[in-house]
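Here are my notes for you, written as a few numbered points. Keep the structure open while you read, and look up each residue as it comes along.

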Amino acid sequence: LKNDPKYAKYMKMLKVGMPLPVVQHSMTRDGLDPAILEGDHNKPVQEAPAAVPLKEDPTYTKYFKMLKLGLPMGAVKNAMER
(Lines give C-alpha, C1' and ligand atoms only; values in the text may rest on other atoms or scores of the structure.)
Protein backbone atom coordinates (compact mmCIF):
# COMPACT_ATOMS: atom_id res chain seq x y z
CA LEU A 1 0.00 0.00 0.00
CA LYS A 2 2.70 2.48 0.89
CA ASN A 3 4.41 1.96 -2.49
CA ASP A 4 1.22 2.24 -4.54
CA PRO A 5 1.24 5.54 -6.51
CA LYS A 6 -2.53 5.78 -6.16
CA TYR A 7 -2.18 6.12 -2.38
CA ALA A 8 1.17 7.96 -2.21
CA LYS A 9 -0.53 11.30 -1.48
CA TYR A 10 -2.32 9.85 1.56
CA MET A 11 0.75 8.03 2.86
CA LYS A 12 2.64 11.32 2.75
CA MET A 13 -0.17 13.04 4.66
CA LEU A 14 0.13 10.40 7.39
CA LYS A 15 3.91 10.62 7.37
CA VAL A 16 3.90 14.38 8.04
CA GLY A 17 1.61 13.82 11.02
CA MET A 18 -1.91 14.52 9.80
CA PRO A 19 -4.56 12.70 11.87
CA LEU A 20 -6.00 9.53 10.36
CA PRO A 21 -9.62 10.84 10.22
CA VAL A 22 -8.46 13.85 8.20
CA VAL A 23 -6.65 11.62 5.71
CA GLN A 24 -9.65 9.29 5.50
CA HIS A 25 -11.93 12.25 4.79
CA SER A 26 -9.58 13.33 2.02
CA MET A 27 -9.76 9.84 0.51
CA THR A 28 -13.55 9.85 0.67
CA ARG A 29 -13.61 13.25 -1.03
CA ASP A 30 -11.38 11.84 -3.80
CA GLY A 31 -13.61 8.79 -4.27
CA LEU A 32 -11.40 6.16 -2.60
CA ASP A 33 -12.22 3.71 0.19
CA PRO A 34 -10.82 5.15 3.46
CA ALA A 35 -11.02 1.78 5.25
CA ILE A 36 -7.91 0.70 3.34
CA LEU A 37 -5.78 2.81 5.69
CA GLU A 38 -6.81 0.78 8.73
CA GLY A 39 -4.89 -2.29 7.50
CA ASP A 40 -1.17 -2.98 7.24
CA HIS A 41 0.48 -0.37 5.00
CA ASN A 42 3.25 -2.79 3.99
CA LYS A 43 0.84 -5.21 2.29
CA PRO A 44 -0.31 -4.72 -1.32
CA VAL A 45 -3.77 -3.30 -1.93
CA GLN A 46 -6.52 -5.90 -2.40
CA GLU A 47 -8.74 -4.48 -5.12
CA ALA A 48 -12.29 -5.81 -5.35
CA PRO A 49 -12.95 -7.89 -8.46
CA ALA A 50 -14.77 -6.11 -11.24
CA ALA A 51 -18.50 -6.66 -10.95
CA VAL A 52 -20.46 -8.14 -13.84
CA PRO A 53 -23.29 -5.90 -15.07
CA LEU A 54 -26.68 -7.28 -14.01
CA LYS A 55 -27.82 -7.68 -17.63
CA GLU A 56 -24.81 -9.93 -18.33
CA ASP A 57 -25.09 -12.00 -15.15
CA PRO A 58 -26.10 -15.54 -16.18
CA THR A 59 -28.44 -15.79 -13.20
CA TYR A 60 -30.62 -12.96 -14.50
CA THR A 61 -30.41 -13.31 -18.29
CA LYS A 62 -33.63 -15.35 -18.30
CA TYR A 63 -35.55 -12.48 -16.69
CA PHE A 64 -34.14 -9.81 -18.99
CA LYS A 65 -35.14 -11.98 -21.94
CA MET A 66 -38.69 -12.16 -20.52
CA LEU A 67 -38.79 -8.36 -20.35
CA LYS A 68 -37.42 -8.06 -23.88
CA LEU A 69 -40.19 -10.34 -25.16
CA GLY A 70 -42.76 -7.95 -23.70
CA LEU A 71 -43.90 -9.71 -20.54
CA PRO A 72 -45.20 -7.32 -17.87
CA MET A 73 -42.86 -6.42 -15.01
CA GLY A 74 -45.23 -8.03 -12.52
CA ALA A 75 -45.00 -11.37 -14.30
CA VAL A 76 -41.20 -11.19 -14.36
CA LYS A 77 -41.09 -10.32 -10.64
CA ASN A 78 -43.39 -13.24 -9.91
CA ALA A 79 -41.12 -15.59 -11.86
CA MET A 80 -38.10 -14.35 -9.90
CA GLU A 81 -39.80 -14.99 -6.57
CA ARG A 82 -40.72 -18.59 -7.42
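1. Let's start with a pair of helices. Keep in mind that this is a predicted model. Which residues of α3 meet α4? On the α3 side they are Y63, M66 and L67, and their partners in α4 are M73, A75, V76, A79 and M80. Sorted by class, this contact has eight nonpolar residues, with no polar and no charged ones.

2. Now the geometry of that pair. Helix α3 covers residues 61-68 and helix α4 covers residues 73-81. Their axes come within 9 Å and cross at roughly 160 degrees. Anything over 145 degrees counts as roughly antiparallel, so that label fits α3 and α4. As for handedness, α3 passes α4 in a right-handed crossing.

3. Next, go to helix α1 (residues 8-15) and helix α2 (residues 20-29). At what angle do their axes cross? The answer is roughly 160 degrees, with the axes coming within 9 Å. By the cut-off of 145 degrees, α1 and α2 are therefore roughly antiparallel to each other. Their crossing is right-handed.

4. Who touches whom here? From α1 come K9, Y10, M13 and L14, and they meet L20, V23, S26, M27 and R29 of α2. The class count for this contact is six nonpolar, one polar and two charged residues. Hold on to K9 and R29, two of the residues in this contact, for the next points.

5. How many salt bridges does the structure hold? Two. One of them pairs D30 with K9, and the closest N and O atoms are 3.2 Å apart. Find both ends in the model: D30 sits in the loop between α2 and α3, while K9 belongs to helix α1. The two are 21 residues apart, and the pair links distant parts of the chain.

6. D30 also forms a salt bridge with R29. There the closest N and O atoms are 3.6 Å apart. Put the pieces together and K9, R29 and D30 are linked in a network of salt bridges.

7. Finally, check how open these three residues are. Is R29 buried or exposed? R29 is exposed, because its relative accessible area of 55% is over the 50% cut-off. K9 has a relative accessible area of 44%, so K9 counts as partly exposed. D30, at 37%, is partly exposed as well. Both of those values fall in between the 20% and 50% cut-offs.

Definitions and conventions:
Residues numbered from 1 in each chain as written. Predicted model: local features only at pLDDT ≥ 70, side-chain atom pairs only at ≥ 80, totals over all residues. Heavy atoms only, no water. Axes fitted to C-alpha atoms, helices over the stretch in contact; angles between N-to-C directions. Helix = DSSP H or I, 4+ residues; strand = E, 2+ residues; numbered from the N terminus. Parallel < 35°, antiparallel > 145°, perpendicular 65-115°, else oblique. Left-handed = near helix turned anticlockwise from the far one by under 90°. Contact = heavy atoms within 4.5 Å. Nonpolar A, V, L, I, M, F, W, Y, C, P; charged D, E, K, R; others polar. Salt bridge = Lys/Arg side-chain N within 4 Å of Asp/Glu carboxyl O. Buried < 20%, exposed > 50% of the residue type's maximum accessible area, 1.4 Å probe, protein only.
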